[in-house]
Amino acid sequence: MNIVICDDQESDALAAKEVIKRTAQELHIKTEFDIYSNAAEVERKLLVKKEPADILILDIDMPEISGLELAEKLRTENLNLIIIFLSAHEEFVFKAIEFQPFRYIRKIRLETEMPIAIQAAVNVLEISSDKQIILYTEDGEKAVMISEIMYFEAEKHKTYIYLKNGDCIHARRSIAELHQLINKESFIMIHRSCVVNTDYVKNMQNCLLILKNDEQLLVSRRKFSEVKQQILNIWGELL
């Protein structure tokens with residue numbers, strides 16, 4: 001996630017960053033931060049330079065250009081951006097609603113309210129970025145959301161796709177073709193016959209991947225170091 005924090009109080013901006021970073025690590029989400037002390041800099045970044053951002057953490061009460069004024073400009077441009085207002089003043093909440101914020105967080109409740117907001121924002125971003133693939137099965141075509149795929153493996157010249165809901169689909173594609181079709185960093189090959197979605201990996205012990213449903217997948221000894229490093233890179237934290 002690309003996260004922009006705008007707050008004229010540096011200590012408040014850094015406090016928000018730490019809470020968000022900790023929450024993102026727990027969710028195994030990689031984050032990049034840009035911190036600004038005034039709204040004019042954020043306006044240049046998003047509206048002039050057209051640089052990407054997923055979430056904007058925006059203080060309301062700032063000199064020169066307020067957070068509300070910046071939010072109005074951003075909404076006028078119809079940017080697909082999650083705006084989370086951050087304020088020490090509860091009296092701004094009704095005015096802030098006018099600009100369709102995703103959340104309104106009080107600074108005194110940063111530690112409790114920000115993690116909930118980030119979890120909800122991640123869910124929204126995942127849904128908006130998710131896509132379907134069409135699988136050709138013995139029963140005809142079947143549309144599957146990529147986010148629902150836990151892993152897929154080849155066995156006796158057949159490819160089996162295992163879904164979050166427990167279903168297993170036999171697809172008429174090779175494992176290499178399916179991997180290329182999905183084309184997402186979170187899907188990694190743990191041996192020549194199995195690709196796993198790291199969004200469902202809970203832990204790694206010796207040569208075993210432990211999924212969130214407690215299922216265990218064997219990792220090739222030859223690929224163990226490579227797989228571990230890939231997971232660390234995706235998670236951005238130590239297992």
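The legends below describe several close-up views of a predicted model.

In this predicted model, local features need pLDDT of at least 70 and side-chain atom pairs count only at pLDDT 80 or more, whereas totals for chains, interfaces and linings use all residues. Residues are numbered from 1 along each chain as its sequence is written, and side-chain values use heavy atoms, with hydrogens and water left out.

**View 1. The five-stranded open sheet with parallel pairing**

Five strands form an open sheet in the order 2-1-3-4-5, where helices (H or I, at least four residues) and strands (E, at least two) are DSSP runs numbered from the N terminus, and two strands pair if DSSP finds at least two bridges between them. Strand 2 (32-36) and strand 5 (103-106) stand at the edges with a single partner strand each, so one side of each is left without a neighbour in the sheet. From one strand to the next the twist averages 20°, axes being lines fitted to C-alpha atoms, for helices over the stretch in contact, and angles running from 0 to 180 degrees between N-to-C directions. Strand 4 is joined to strand 5 by four bridges, and the two run parallel; in this pairing phenylalanine 85 stands opposite tyrosine 104 in strand 5.

**View 2. Strand 3 and its two pairings**

Strand 3 (residues 55-59) is mostly covered, with five of its five residues buried, a term that means under 20% relative accessible area, against over 50% for exposed and partly exposed in between (1.4 Å probe, protein chains only). Ile55, Ile57 and Asp59 point one way from strand 3, Leu56 and Leu58 point the other way, and all are buried. Strand 1 (residues 2-6) runs parallel to strand 3 and is joined to it by four bridges, with valine 4 opposite leucine 56. Strand 3 also pairs with strand 4 (residues 82-87), in the parallel sense and over five bridges, and here leucine 56 stands opposite isoleucine 83.

**View 3. Packing of helix 2 against helix 3**

Helix 2 (residues 39-48) and helix 3 (residues 67-76) pack at an angle of about 10°, and their axes are 10 Å apart. The two helices are therefore roughly parallel to each other, given that angles under 35 degrees count as roughly parallel, over 145 as roughly antiparallel, 65 to 115 as roughly perpendicular and the rest as oblique. Helix 2 contributes Ala39, Val42, Glu43, Leu46 and Leu47 to the contact, and helix 3 contributes Leu70, Lys73 and Leu74, where contact means heavy atoms within 4.5 Å.

**View 4. A stacked tyrosine pair**

The structure holds two aromatic pairs, for which rings of Phe, Tyr and Trp (its six-membered ring) must have their centres within 6.5 Å, planes under 30 degrees apart counting as stacked, over 60 as edge-to-face and the rest as tilted. In one of the pairs, the rings of tyrosine 151 and tyrosine 162 have centres 4.6 Å apart and planes at 20°, so this pair is stacked. Because tyrosine 151 lies in strand 8 (residues 149-155) and tyrosine 162 in strand 9 (residues 158-163), the pair ties together parts that are 11 residues apart in sequence. Tyrosine 151 counts as buried at 3% relative accessibility, whereas tyrosine 162, at 22%, counts as partly exposed.

**View 5. Surroundings of alanine 171**

Alanine 171 is located in strand 10 (residues 168-171) and is buried, with a relative accessible area of 3%. Its C-alpha atom is separated by 4.8 Å from that of threonine 137, which is 34 residues apart from it along the chain. When residues up to four places away in sequence are not counted, alanine 171 touches Leu135, Tyr136, Thr159 and Ile161.

**View 6. The three-stranded open sheet and lysine 223**

Three strands make an open sheet in the order 13-14-15, with antiparallel pairing. Strand 13 (201-205) and strand 15 are the edge strands, each pairing on one side only, and neighbouring strands of this sheet are turned by 25° against each other on average, direction ignored. The pairing of strand 13 with strand 14 (residues 208-211) comprises four bridges in the antiparallel sense, with glutamine 205 opposite leucine 208. Lysine 223 lies in the loop between strand 15 (216-218) and helix 7 (224-235) and, at 11% relative accessibility, counts as buried. Neighbours within four places in sequence left aside, lysine 223 is in contact with Met189, Ile190 and His191.
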